[in-house]
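Here is a short tour of one protein chain and its two metal ions. Take a moment to look over the picture, then read on.

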Amino acid sequence: MKITVIESVLKANDAVARTNRRRMDEAKLLAVNIMSAPGSGKTALLEKTIPAFDGHLRSAVLVGDLQTTRDAERLARLTAQTTQINTGQGCHLSAAQVAQGLDSLDLAQIDLLFIENVGNMVCPAGVDLGEHVRVALLSVPEGDDKVAKYPTLFQPADVILLTKVDLLNVLDFDRGRVRDDLSRINTRAPLIELSAKTGQGMDDWLGWLAGRRAERIETAV
Ligand code: MG
Ligand code: ZN
């Protein structure tokens, strides 16, 4: 019985996600679902990503958090199209919450919509929001064993960002172990080593995003 309930909840979510995807397709924007544990650097990444596209691609952000508007306040300095979604007890964003968030934005004025999911390595990856691409972050301080421990996050990712690599010479972290674990669960997604602090890897990340956005424009015609 329990399984039936969960299935029907997910089915209802998927129907809303399909509607979200259609709306975002029509607006010809690229929707990017960003997932990681709390503190992996999702907001810091966006603080560097959004200005890098200034005058080229227009960004908007939906920020999911249990409480507070702190991340949205940081990002609202960079784009007026920023909406905070407080989930309360909810440990992941749902398609319905994203649908509400979309209502608050002028979709016609957006090229890149970043959806910063609630910090959580487990359930966000199982909930379709209608996004076009999925980004998984793993930060160096979290440890090199996390890909193997949380495969559900890294398996469906379209790109994996190893963040805070400026700490590699301070902490014991085996990059080979991460690549080895990924070779077993996800060989499709590129792994980009990145530091929002030093800028290392930012060009690769920005290039990857611009490429996915260009693909959307082509398929949306
Ligand atoms: Mg954040
Ligand atoms: Zn959850």
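Is K164 buried, partly exposed or exposed? K164 counts as partly exposed, because its relative accessibility is 28%, and partly exposed covers the range between under 20% and over 50%. Keep in mind that this is a predicted model. The points below go through the metal sites, the core, one helix and two loop residues.

**The magnesium site**
- Let's begin with the magnesium ion (ligand 1), which is held by T43 (OG1), D71 (OD) and E116 (OE) at 2.0 to 2.1 Å.
- Along the sequence, these donor residues follow the spacing T-x27-D-x44-E.
- Two of the donors bring distant parts of the chain together: D71 sits in helix α3 and E116 in strand β4, 45 residues apart.
- D71 has a relative accessibility of 15%, so it counts as buried.
- E116 is also buried, because its relative accessibility is 2%.

**The zinc site**
- The zinc ion (ligand 2) has C91 (SG), H92 (ND1) and C123 (SG) as its protein donors, 2.0 to 2.2 Å away.
- Their spacing in sequence reads C-H-x30-C.
- C91, with 35% relative accessibility, counts as partly exposed.
- H92 falls into that class as well, because its relative accessibility is 25%.

**The nonpolar cores**
- The largest nonpolar core contains 26 residues, and V32, F114, V135, L161, W205 and L209 have the most contacts inside it.
- Helices and strands both contribute: β1 (30–35), α2 (42–52), β2 (59–65), α3 (70–76), β4 (112–116), β5 (133–139), β6 (159–163) and α8 (202–220) each give at least two residues to this core.
- The largest share, 5 residues, comes from α8.
- To see one of these residues at work, find L209: leaving aside residues up to four places away in sequence, L209 touches L30, V32, T49, F53 and F114.
- There is also a second, separate core of 20 residues, with A37, L138, F154 and F173 among them.

**Helix α7, from its cap to its buried side**
- At the N-terminal end of α7, D174 acts as a cap, with a side-chain oxygen 2.9 Å from the backbone nitrogen of G176.
- Which residues of α7 are buried? They are V178, D181 and L182.
- These buried residues span an arc of only 100 degrees around the axis, so they lie on the same side of α7.
- A general rule helps here: an α-helix has 3.6 residues a turn, so residues three or four places apart point the same way.
- The partners that the buried residues of α7 pack against are β5, α5 (146–149), α6 (151–154), β6 and β7 (191–193).

**Two loop residues with a positive phi**
- K28 is not a glycine, yet it has a positive phi of about 55 degrees.
- You can find K28 in the loop between α1 (2–26) and β1.
- With a relative accessible area of 38%, K28 is partly exposed.
- K164, the residue from the opening question, is not a glycine either and has a positive phi of about 60 degrees.
- Look for K164 in the loop between β6 and α7 (175–185).

Terms used
Residues are numbered from 1 along each chain as its sequence is written. Chains are lettered from A and ligands numbered from 1 in the order in which they are written. This is a predicted model: local features need pLDDT of at least 70, side-chain atom pairs count only at pLDDT 80 or more; totals for chains, interfaces and linings use all residues. Side-chain values use heavy atoms; hydrogens and water are left out. Donors are N, O and S atoms within 2.8 Å of the metal (3.2 Å for Na, K and Ca); water is not among the atoms, so sites may look incomplete. Buried means under 20% relative accessible area, exposed over 50%, partly exposed in between (1.4 Å probe, protein chains only). A nonpolar core is a set of buried Ala, Val, Leu, Ile, Met, Phe, Trp, Tyr and Cys residues joined through side-chain atoms within 4.5 Å. Helices (H or I, at least four residues) and strands (E, at least two) are DSSP runs, numbered from the N terminus. Contact means heavy atoms within 4.5 Å. The arc is that of the directions from the helix axis to the C-beta atoms. A polar contact is a pair of N or O atoms within 3.5 Å; within protein, one must be able to donate a hydrogen and the other to accept it, and residues adjacent in sequence count only if both atoms are side-chain atoms.
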